[in-house]
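Biologist: I'm new to this one. Could you walk me through how to read it?

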Amino acid sequence: MILKEITLKNFKSHRNSKIVFEKGINLIAGRNGAGKSSVLEAILVALYGVRPGSVRKSDLVQVGANEYMIELLFEFGGKEYRILRESNGNSVLFGEIRIEGDQKINEWVEKNISSFHVFTGAVYVRQGEIETIISDESGREKIIRKITRIEDYENAWKNLGAVIKELENERNHHLEIIKQKEDCEKRLAEKSSKMLEMDKEIQKAEKRLRELRELIEKISIEKNTFEELKKQIESNKLEILKLEGELKSLKEKLDVLSDQKAEIEQKIESLQESLKRLENVEKEAKRYSELLEFHRSFLKSLQEIDANLKDLEIEKERFLGELKKCEEEKENLEKIREEIEKSEKEKEILTLNYNEWQKIKPKIDRKAQIERILKEKELTVEKVEKMFSSIQKAREVDKALKEEFEKLSVQKGSLISEEKRFLEIISKIDSATGFCPICGRELTEEHRRKILDKCSSEIARIKGELSKIEEKERNLREERKKVEIALEKQDLVLKYKQIVDEIKKVTEDLKGLDLEKMKQESEKFEKLKNKIELLRSLEKKSMEKLQRLEFLIEKLKEIESELSKIQRSREELFERLKNKNFLSIEELENELNKLRVSYEEWLGLKRAKEELSSAEVKLKTTKDEFEKVLSALMIKEKSYAEKRNLLADLMSKYDDLRHKEVEELEKKASMEIAGIEQKLDVLKKSLESFREDKEALERQLEVLRESERKVKAIEKAIPELEKLREKFASYKNIVAEIALKEVEKYASEIFEEFTEGKYSGIKLKRVFEYGKERLRIFIVHQGEERETSFLSGGELVALGIAFRLALSMFEAKGRIPLLMMDEPTPFLDEERRRKLVDITLNYLRKIPQVILVSHDEELKDAADRVITIDYRGGVSVVVS
């Protein structure tokens, strides 16, 4: 697999970073805290996602952002793939196939590229791993066990022990349960016996219930017959009462209709007398109606004509006023155009200076803005320059302090290693007998004492030197605190320095220009420009007004024509009045007043005619209703007689005493049935309860039998698992031996190449110290095995790198396609680091692609591609 490109958005300190990788050695360089290691973390997250229990997604999102995005482009198997990971779960793999979702992408990567365990063991060397291999025996052993998978066999062995223990606990639990079986079977037999007794009692009650129900069925037939007769008698009585009421109502209605008929006949005679006067006044009433209609029409038309005349006169006056204004506007338009021409000429003269002013005005405004900012902060250009100079000096001091710290760390590490070596010698001498484990000579007490005294003296010297180094470190920390206080404001000072540089450039650009004159001419240009725009607007409005001139003349002609037409209509209206033999409207109104009396009398007589017609119709209706009611009365009297006869017949068949006797018999039988049904209900519920108890006991018995079966299965499985556990224990030792031999072989080859043959190999040995087994590293020098304390500081780091590369080779089955290393050269002085870089890079060039993260300057010249990351304004930025 070859990585080509990665893009980070809102990932840790990276807001928007894009990094391109090449084949060969890629160096990610930058100062501490710049965000270099975050790139390697992002590659791991892009391929395998955020692993459960490692880190929360929210901790990877940049402060102030909501979510992160990582896009990784890589080549695998000759084909190009792209993985897009988002913290919200919207992740996609593009390539030969398209896969969506974090889990599915993880499965594809694990299956096709490599497992997470192999990648972190063979490809990704985290910061601190090499240091742990060098200086921490327990940490070294932990790394070896994890990468070589020895740890997995140990865990499997432990897990099997836990499984066996769990099975034994489960077996004991089931054995406790099985003890309840005898009691359960006894209770089940008791329940079954009780259920048989209850079933017999239920059958007996059900038989008596059937007998009572047959008796009630016979009684019910007789009872229903009596009830039906009683119901018919009651119904008949009600119908007779209803008929008596209806007969009474019909007789009363006949009397009312007879009175109404006599009253209507009397009214008809009176109305016939009134109709004789109607013929005398009808002619005058007709003339009144015609003249009244003409009067109304005349007044309405006259009002409309006068209103139209008034509206037209008003409109005529308005148009005449507008016509006068248009004449005045004509003269005003000429004046406006003359003023526009004059202003345009003045504006053209000022155009060149105006354009020049527009170019320099933003600079003048920016200069004023910067001066205002500096004034608000009580700063001057000189003061900012001085502050910047102080920051530069503080940064140089900070760099020198860091270098001093690194030198002290190397010295300290070397002294601690030396102290460990002397302590080991003391430990060996204390426990040795016969021969000296250091020089091989006979071990006498004097010789033992000399060696111990010398070691103690050396340890005291080392502690003294360590104490001096720690004192120097404390002093350096104090100085570092002062420097850090000075550097706290460096971002702000750099900002002020930037704007001071800007004000200097602006001042230089404006030098030699008559700004006041340019400003005055520019303002005059703006005023002329605004004036011309105003005059153009006035010109446009004036032209729009003049466009109505012809319209106004034409409109006035139309109004004069319309006035003539309406005047003629008024004259025609009065001509119609004369045709009616009236010289004025007053004469017409006098005639109407005279005729009104006759008209009102005619109206009264006309209503008498209508009332006569209505009375005649009503008389006929009343007579018809009288005949109808009389017929209905005769039918109801006949029905009343029939109902009386039927009632007498029904009364002869009904026996009230027998009816009550039958009802009492039915009541007693029903009460007995209710008692039996209640008893049956109780019995059935009890039986159901017993049945449920029985089923529960049967289920419990089945559980107990299942527990017996499980006990047999567990007792059979435990010996098999114990055998399997013993095999895992033996496999663990075999795998450990094979793995350690293979790692030892790879490490020897790499370390020999690193040291150019000075050391011929590495040996891994298990030793027992203080009752515990330890994995120790020995190096072979001129055919002899030596402790790692024999190595120099640079050689010790080379050993750590060689050993870590050997672990990668083991995990990758002898060939590393890709290697990512985070800070591989710690705690070395400049000379040793340069030498170590030379020897390690020669080996790393054998790997198709290497990505190194380091702040070491020596690596830049040796790398095929250098990617520099800086930390600016709280954000990681890819500089190159």
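Biologist: Let's begin with the whole chain: what percentage of the 880 residues of the protein chain count as buried?

Modeller: Keep in mind that this is a predicted model. Here 35% of the 880 residues count as buried. The protein chain has 18 helices and 15 strands.

Biologist: How do I judge the overall spread, and what is the radius of gyration of the protein chain?

Modeller: You set the radius against what the globule rule gives for that many residues. The protein chain comes out at 61 Å, well over the 29 Å from the rule, so it is more spread out than a compact globule. Along the principal axes, its C-alpha atoms fill a box of roughly 175 × 130 × 55 Å.

Biologist: Which residues touch the most other members of the largest nonpolar core?

Modeller: That core has 46 residues, and the ones you want are F751, F803, L819, L844 and L852. Helix α16, residues 793-811, gives the most to this core, with 12 residues. Take L844: beyond its neighbours within four places in sequence, its contacts are I25, L805, L819, M821, V850 and L852. There's also a second, separate core of 42 residues, including F21 and V853.

Biologist: Back to α16, then. Why can we say that it is largely enclosed by the rest of the structure?

Modeller: Because 18 of its 19 residues are buried. You can check its length too: at 1.5 Å a residue, α16 should span 27 Å, and its end C-alpha atoms are 27 Å apart, which agrees. Just after α16, K813 takes a positive phi of about 60 degrees.

Conventions. Residues are numbered from 1 along each chain as its sequence is written. This is a predicted model: local features need pLDDT of at least 70, side-chain atom pairs count only at pLDDT 80 or more; totals for chains, interfaces and linings use all residues. Side-chain values use heavy atoms; hydrogens and water are left out. A nonpolar core is a set of buried Ala, Val, Leu, Ile, Met, Phe, Trp, Tyr and Cys residues joined through side-chain atoms within 4.5 Å. Buried means under 20% relative accessible area, exposed over 50%, partly exposed in between (1.4 Å probe, protein chains only). Helices (H or I, at least four residues) and strands (E, at least two) are DSSP runs, numbered from the N terminus. Contact means heavy atoms within 4.5 Å. The expected span of a helix is 1.5 Å times one less than its number of residues. The radius of gyration is taken over C-alpha atoms; the globule rule is 2.2 Å times the number of residues to the power 0.38.
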